[in-house]
Amino acid sequence: MNHPQDSSFLSKLRPPATGRLAVEIRQASVVYPTADAPVHALADIDLNIHEGEFVSLIGPSGCGKTTLMRVIADLEPISAGQVLVNGVSPHEARLARAYGYVFQAPALFPWRTVLANVTLPLQIQGRSKADSKVIAQEHLERVGLKGFENKYPWQLSGGMQQRVSIARALSFEPKILMMDEPFGALDEITRDRLNEQLQQLWQRERRTVVFVTHSIAEAVYLSTKIVVMSPRPGRIVKVIDSPLPNERHLGLRDTPEFVAVAHEVREALADGHHV
Amino acid sequence: MDTMSKPAGFVRKIGHKALPVLVILLFILVLWYVAAVAMNAPGAIERVLPTDTPWTWQQLLAATMDMQRPVLPTPHQVARDFWSSLVDWPIDSPRNLLFHVAVTAESTLWGFLLGTLLGLVLAVLIVHSRTLDRALLPWIVASQTVPVLAIAPIVLVILGSLGFSGVAPKAVIAMYLCFFPVTVAMVQGLRSPQKIETEMMHTYAASKWQALWLLRLPASLPFLFPALRVGIAAGLVGAMVAELPTGAVAGLGARLLTGSYYGNTVQIWSALVMSALLGLALTLAVAGVEKLVLSRRGGQA
């Protein structure tokens with residue numbers, strides 16, 4: 001199974017970019033047949049994601065950033081090319097429970113308490129009730145929701161619900177955390193706070209994260225690598241390795257270094273648009 | 001919350017709910033008496049009132065309200081007959097309505113149980129197989145276009161030839177009416193989870209059974225219970241209809257039939273009132289279970 005302790009230990013020793021490959025994408029394309037012309041949702045994507053990296057996929061609507069993430073997560077088949085997750089196909093990786101997926105909406109089950117929502121993946125994996133409870137409580141504590149175990153989702157704010165869904169995705173210690181615009185529906189203040197918490201969470205664990213967003217500030221603040229994408233056909237225009245230090249706080253966003261990276265992302269987005 | 005105002009508020013709430021119902025009930029009773037007088041008057045003039053001497057309208061009114069075999073019995077006649085059947089006869093006597101209630105309720109509940117099970121199984125099959133969805137659903141819909149009155153004798157004959165009599169054929173006919181609402185609602189309910197929830201289960205590599213048990217079934221409960229309320233009422237209709245062609249001697253349907261054979265309209269009406277009460281009790285029982293289950297299931301139902 002997974003060796004979370006081991007992998008986080010290793011990634012602390014090495015700088016993230018030199019770690020083993022978590023995701024390897026070679027010449028991958030996704031084509032949807034339609035009545036008139038086929039739509040190229042993704043065209044010839046090449047991308048390496050190393051273990052312990054925080055990778056953001058950023059781009060305008062229709063650039064295929066969500067599609068790319070869904071391809072990695074085995075929620076979408078590729079039409080051509082090759083995708084490897086931890087050295088195996090996305091399908092095998094999914095069956096091996098390699099990743100936790102956080103969707104745009106919290107997708108909590110209204111009939112389950114917060115705790116029972118977090119234990120859901122553990123229950124599916126056949127873990128014992130007592131174990132699951134201890135693990136879930138620990139993960140709820142990590143996202144700052146200690147004391148909310150017996151509440152129902154509707155008794156929580158949107159930001160808290162999304163934190164529960166993050167705790168749920170992390171409960172079974174997946175090697176990769178996938179987040180599809182997880183804070184897109186939240187207000188900016190809540191979003192800032194959650195970004196900070198997510199950053200701290202990543203600092204502690206150095207788990208591989210793939211993060212889809214269309215906020216430049218969010219991408220620059222969180223990522224060690226920013227993948228800028230462009231639509232029609234969906235493709236990667238630029239991959240930016242962030243020069244920012246790994247230890248980050250919200251104040252970083254006012255530094256010249258941060259502004260420079262954000263500028264680079266903005267330029268790449270504009271370039272992609274003019275092609 | 002203010003504890004003093006709570007009981008008063010409760011009473012007011014009940015009053016708000018009960019008052020309109022009571023007004024309508026009063027209206028119906030008045031209408032009933034008027035109709036009874038109007039419908040029974042020709043018979044009363046012909047059979048009850050003296051033919052050789054003149055009679056007053058008070059005599060006519062009194063006669064229409066207390067006839068032996070009225071066209072439309074008055075509410076108090078029905079109430080008297082209803083009450084006397086309950087208290088004047090032992091519970092195992094065919095003259096006691098509760099005896100018939102027990103017989104009809106038994107086949108209704110069996111039919112309801114079997115129909116619900118059949119409905120659940122069919123819905124699970126339909127949701128999980130595109131082929132079965134296309135193959136079964138048209139037949140399930142078509143089955144309900146055949147009138148139950150036409151089906152009932154056939155079922156009785158066939159099951160009878162196989163050696164099944166008594167409760168079994170009646171339960172099967174009740175089931176025939178029960179399973180349909182359950183199937184339709186459960187297909188909808190099992191399909192109610194959103195794409196995002198289904199995909200989430202997919203990312204956990206959950207099996208089909210796990211997805212059914214942990215997501216689809218709990219999500220379908222709010223769809224199931226309204227269907228069960230409809231189903232049990234339909235099952236009661238099925239059970240009563242099934243009693244007609246058997247020439248059954250027991251059951252509310254049989255009671256209606258013997259009443260009409262002998263022109264005993266009061267008996268028909270009290271059996272009718274009893275079956276309405278039975279239907280109400282069964283529906284309330286299902287609603288009670290619904291409340292219990294949905295509150296245990298947690299969340300905002």
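**Exercise 1. The pairing of E8 and E9 in chain A**

Task: In this predicted model, determine which residue stands opposite Ser230(A) in E9(A), and how many bridges join strand E8 of chain A to E9(A).

Solution.
1. The residue of E9(A) that stands opposite Ser230(A) is Arg235(A).
2. Strand E8 of chain A covers residues 225-230, and six bridges join it to E9(A).
3. The two strands run antiparallel.

**Exercise 2. The open sheet and its helix**

Task: Establish the strand order of the open sheet of chain A, identify its edge strands, and state which strands helix H2 of chain A touches.

Solution.
1. The sheet has six strands, ordered E5-E6-E7-E3-E8-E9, with mixed pairing.
2. Strand E5 (99-102) and strand E9 (235-241) of chain A pair on one side only, and are thus the edge strands.
3. On average, neighbouring strands of this sheet are turned by 15° against each other, direction ignored.
4. Helix H2 (residues 65-72) of chain A packs on the sheet, where it touches strand E3 (54-58), strand E6 (176-180), strand E7 (208-213) and E8.
5. The direction of H2 makes about 150° with that of E7(A).

**Exercise 3. The partners of E1 in chain A**

Task: Find how many bridges join strand E1 of chain A to strand E2 and how many join E1(A) to strand E4.

Solution.
1. Eight bridges join E1 (residues 21-32) to E2 (residues 39-50), and these strands of chain A run antiparallel.
2. Within this pair, Val31(A) has His40(A) in E2(A) as its bridge partner.
3. The connection from E1(A) to E2(A) is a hairpin of six residues.
4. Five bridges join E1(A) to E4 (residues 80-85) of chain A, again an antiparallel pairing.
5. Here the bridge partner of Arg26(A) is Gln82(A).

**Exercise 4. Two helices of chain B**

Task: Describe how helix H4 of chain B packs against helix H11 of chain B, and at what angle.

Solution.
1. H4 (residues 97-128) and H11 (residues 265-297) of chain B pack at about 45°, with their axes 11 Å apart.
2. H4(B) and H11(B) are therefore oblique to each other.
3. The crossing of H4(B) past H11(B) is right-handed.
4. Residues of H4(B) in the contact include Leu97(B), Val101(B) and Thr108(B), while those of H11(B) include Met274(B) and Leu282(B).
5. The contact comprises seven nonpolar, three polar and no charged residues.

**Exercise 5. The contact between the chains**

Task: State how many residues of chain B are in contact with chain A, and which helix gives the most to that side.

Solution.
1. In chain B, 16 residues are in contact with 19 residues of chain A.
2. Helix H8 (195-203) and helix H9 (208-243) of chain B each supply at least two residues of this side.
3. H8(B) gives the most, with six residues.
4. The side of chain B that touches chain A divides into seven nonpolar, six polar and three charged residues.

Terms used
Residues are numbered from 1 along each chain as its sequence is written. Chains are lettered from A and ligands numbered from 1 in the order in which they are written. This is a predicted model: local features need pLDDT of at least 70, side-chain atom pairs count only at pLDDT 80 or more; totals for chains, interfaces and linings use all residues. Two strands pair if DSSP finds at least two bridges between them. Helices (H or I, at least four residues) and strands (E, at least two) are DSSP runs, numbered from the N terminus. Axes are lines fitted to C-alpha atoms, for helices over the stretch in contact, and angles run from 0 to 180 degrees between N-to-C directions. Two residues are in contact if their C-beta atoms, placed from the backbone, lie within 7 Å. Ala, Val, Leu, Ile, Met, Phe, Trp, Tyr, Cys and Pro count as nonpolar, Asp, Glu, Lys and Arg as charged, and the others, Gly among them, as polar. Angles under 35 degrees count as roughly parallel, over 145 as roughly antiparallel, 65 to 115 as roughly perpendicular and the rest as oblique. A crossing is left-handed if the near helix is turned anticlockwise from the far one by less than a right angle, and right-handed if clockwise.
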